[in-house]
Amino acid sequence: MHDEPIDPFNGDPADPAAGLHDPREEDPLDPLTDVERQDVLEDLADLEIYQALLAPIGVRGLVIECEDCREPHYFDWDLLRGNLRHLLSSGRPRVHEPAYDPDPDHYVTWDYARGYADGVHDTLTEGTEDDSPADD
């Protein structure tokens, strides 16, 4: 299983993009700081929880407001996971473009997913806490 789409022209001498280069390849690569790396690892862990809780009720992924183009970007669970893993391994985000005709009703924000997970956690732990009155 691949984390990213397979290039159908990989290794093909007739690749129409063979003469093009990615200008980002010339940019010096700044590795992620320890704090940035930890943030990405936490996002990956959170993503697993969110998918486990939200996929069964029909949520296909997360929507993120893009800071560059000011457009919402819709990511299914696997694509977002692949993007985060790519960021960990390469130190830079992938080039992105808006999804083709997504149904916004099937995507939620990180904040919504976090709040949903927190609510489930609170509900599950509600009855396990010691409810006895404190001694006065």
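Start by selecting helices H1 and H2: H1 passes H2 in a left-handed crossing (left-handed if the near helix is turned anticlockwise from the far one by less than a right angle, right-handed if clockwise). What you see is a predicted model, in which local features need pLDDT of at least 70 and side-chain atom pairs count only at pLDDT 80 or more, while totals for chains, interfaces and linings use all residues. Residues are numbered from 1 along each chain as its sequence is written, and side-chain values use heavy atoms, with hydrogens and water left out.

**Stop 1: the whole chain**

Zoom out for a moment. The protein chain holds three helices and three strands (DSSP runs numbered from the N terminus, H or I of at least four residues for helices and E of at least two for strands). Walking from the N terminus, you meet the elements in the order α-β-β-α-β-α. The chain has 136 residues, and 24% of them count as buried (under 20% relative accessible area; exposed is over 50% and partly exposed in between, with a 1.4 Å probe and protein chains only). Take the contacts between residues at least 6 apart in sequence: 68% of these join residues at least 24 apart (contact means heavy atoms within 4.5 Å).

**Stop 2: H1 against H2**

Now return to the opening pair and colour H2, residues 77–90. The axes of H1 and H2 come within 10 Å and cross at roughly 165° (axes are lines fitted to C-alpha atoms, for helices over the stretch in contact, with angles from 0 to 180 degrees between N-to-C directions). The two helices are therefore roughly antiparallel to each other (over 145 degrees; under 35 is roughly parallel, 65 to 115 roughly perpendicular and the rest oblique).

Show side chains next. On the H1 side, the residues that meet H2 include Arg37, Val40, Leu41 and Leu44. On the H2 side, look for Trp77, Leu80, Arg81, Leu84, Arg85, Leu87 and Leu88. By class, this contact of H1 with H2 has 11 nonpolar residues, one polar and five charged (Ala, Val, Leu, Ile, Met, Phe, Trp, Tyr, Cys and Pro are nonpolar, Asp, Glu, Lys and Arg charged, and the others, Gly among them, polar).

**Stop 3: H1 against H3**

Keep H1, residues 34–54, and add H3, residues 110–125. Their axes come within 10 Å and cross at roughly 70°. H1 is therefore roughly perpendicular to H3. Select Asp43, Asp46, Ile49, Tyr50, Leu53 and Leu54 of H1 to see one side of the contact. H3 brings Trp110, Tyr112, Ala113, Arg114, Tyr116, Ala117 and Val120 to the other. Here the contact of H1 with H3 has 10 nonpolar and three charged residues, and no polar ones.

**Stop 4: the sheet**

Hide the helices and show the strands. They form an open sheet in the order S2-S1-S3, with mixed pairing (two strands pair if DSSP finds at least two bridges between them). S2 (72–76) and S3 (107–108) stand at the edges with a single partner strand each, so one side of each has no neighbour in the sheet.

S1, residues 61–65, runs antiparallel to S2, and five bridges join the two. Click Ile64 to find its bridge partner His73 in S2, then Glu65, which is paired with Pro72. Bring H2 back into view: it packs on the sheet, touching S1 and S2, and its direction makes about 100° with that of S2. On the S3 side, S1 and S3 run parallel and are joined by two bridges; Leu62 has Val108 of S3 as its bridge partner.

**Stop 5: the turn at Arg70**

S1 and S2 form a hairpin with six residues between them. Select Arg70 in the loop between these strands. Arg70 is not a glycine, yet its phi is positive, about 60°. This residue is exposed, with a relative accessible area of 63%.

**Stop 6: Tyr107**

Finish in strand S3, at Tyr107. Is Tyr107 buried or exposed? It is buried, with a relative accessible area of 15%. Draw a distance from its C-alpha atom to that of Leu62: the separation is 5.0 Å, although the two lie 45 residues apart along the chain. Beyond neighbours within four places in sequence, Tyr107 is in contact with several residues, among them Val59, Arg60, Tyr74, Phe75 and Pro102.
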